[in-house]
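Please open the model in a viewer and keep a selection tool at hand. The tour proceeds from one selection to the next and states what is found at each stop.

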Amino acid sequence: MVLELISAYRIWIIVLIVLAVCWPIAQSLRHKNLHPFAAYLLFVSVLGLVSALVFWSLLFVGSALVGPAGMEGAGPAAIIILLSVVSGFAAARWIVRRPQVRRMPK
């Protein structure tokens with residue numbers, strides 16, 4: 001039980017560090033017309049959603065192709081995490097850099 005609490009605290013610390021690191025990244029990538037806090041919220045939201053979607057998709061496809069035993073180990077875990085974070089970062093970068101347009105509904 002104590003070991004699980006320590007692990008949970010480590011996860012929360014890692015999440016808070018990632019959120020803190022995302023602020024300067026979002027500010028350096030944002031479009032000039034986008035407000036700073038909006039850029040941060042867009043960046044973090046898209047990064048999290050796309051990374052989670054790609055992570056679970058790769059995990060599902062990988063376990064279907066090679067089986068659960070083939071997905072064990074540090075190699076497949078590192079590849080899946082790296083691919084999910086890189087694709088999430090690319091999507092978040094694209095969203096924050098594009099100009100925001102406001103259109104009136106018809």
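Two aromatic rings of Phe, Tyr or Trp (for Trp, its six-membered ring) are called a pair if their centres lie within 6.5 Å; planes under 30 degrees apart count as stacked, over 60 as edge-to-face and the rest as tilted. By this rule the count comes to four aromatic pairs. The model is a predicted one, in which local features need pLDDT of at least 70 and side-chain atom pairs count only at pLDDT 80 or more, while totals for chains, interfaces and linings use all residues. Residues are numbered from 1 along each chain as its sequence is written, and side-chain values use heavy atoms, with hydrogens and water left out.

**Aromatic rings**

Select Phe 43 and Phe 89. The centres of these two rings are 5.8 Å apart and their planes stand at 85°, so the pair is edge-to-face. The pair links distant parts of the chain, since Phe 43 belongs to helix H2 and Phe 89 to helix H3 (residues 74-97), 46 residues apart. Helices here are DSSP runs (H or I, at least four residues), numbered from the N terminus. Are the two rings of this pair buried or exposed? The terms rest on relative accessible area, found with a 1.4 Å probe on protein chains only: buried means under 20%, exposed over 50%, and partly exposed in between. Phe 43 has 1% relative accessibility and therefore counts as buried, whereas Phe 89, at 33%, counts as partly exposed.

Next, select Phe 55 and Trp 56. They form another edge-to-face aromatic pair, with 5.2 Å from centre to centre and 80° between the planes. Phe 55 is partly exposed, with a relative accessible area of 26%, and Trp 56 counts as exposed at 55%.

Now select Trp 23, Phe 37 and Tyr 40, which form one aromatic cluster. Of these, Tyr 40 is found in helix H2 and counts as buried at 14% relative accessibility. For a view across the model, add Arg 103: Tyr 40 and Arg 103 are 63 residues apart in sequence and 22 Å apart in space, C-alpha to C-alpha.

The last ring to select is that of Trp 94. Arg 98 lies over its face, at 5.4 Å from the ring centre; a charge sits over a ring if NZ of Lys or CZ of Arg is within 6 Å of the ring centre and within 35 degrees of the ring normal.

**Along the helices**

Select helix H2 (36-66). The expected span of a helix is 1.5 Å times one less than its number of residues. The 31 residues of H2 should therefore span 45 Å, and its end C-alpha atoms are 44 Å apart, which agrees. Among the buried residues of H2 are Ala 39, Val 46 and Gly 62. Gly 62 has a relative accessible area of 13%, and Gly 62 and His 35 are 39 Å apart in space, C-alpha to C-alpha, with their positions 27 residues apart in sequence. Just after H2, Gly 67 takes a positive phi of about 85°.

Move on to H3. Its 24 residues should span 34 Å, and its end C-alpha atoms are 34 Å apart, which agrees. The buried residues of H3 include Ile 80, Ser 84, Gly 88 and Ala 92.

In helix H1, select Leu 29. At 13% relative accessibility, Leu 29 counts as buried.

**The largest pocket**

For the final stop, select Ile 11, Ile 14, Val 15, Val 18, Leu 19, Cys 22, Val 44, Leu 47, Gly 48, Ser 51 and Val 85, which line the largest pocket. Helix H1 (2-29) and helix H2 (36-66) are the elements that give two or more residues to this lining. Which of the elements gives the most? It is H1, with six residues. The lining divides into nine nonpolar residues, two polar and no charged; here Ala, Val, Leu, Ile, Met, Phe, Trp, Tyr, Cys and Pro count as nonpolar, Asp, Glu, Lys and Arg as charged, and the others, Gly among them, as polar.

Notes: On a 1 Å grid over the protein atoms alone, a cavity is a set of points where a 1.4 Å probe fits but cannot get out, and a pocket is an open set with protein on both sides within 12 Å along at least five of seven lines; lining residues have an atom within 4 Å of a point.
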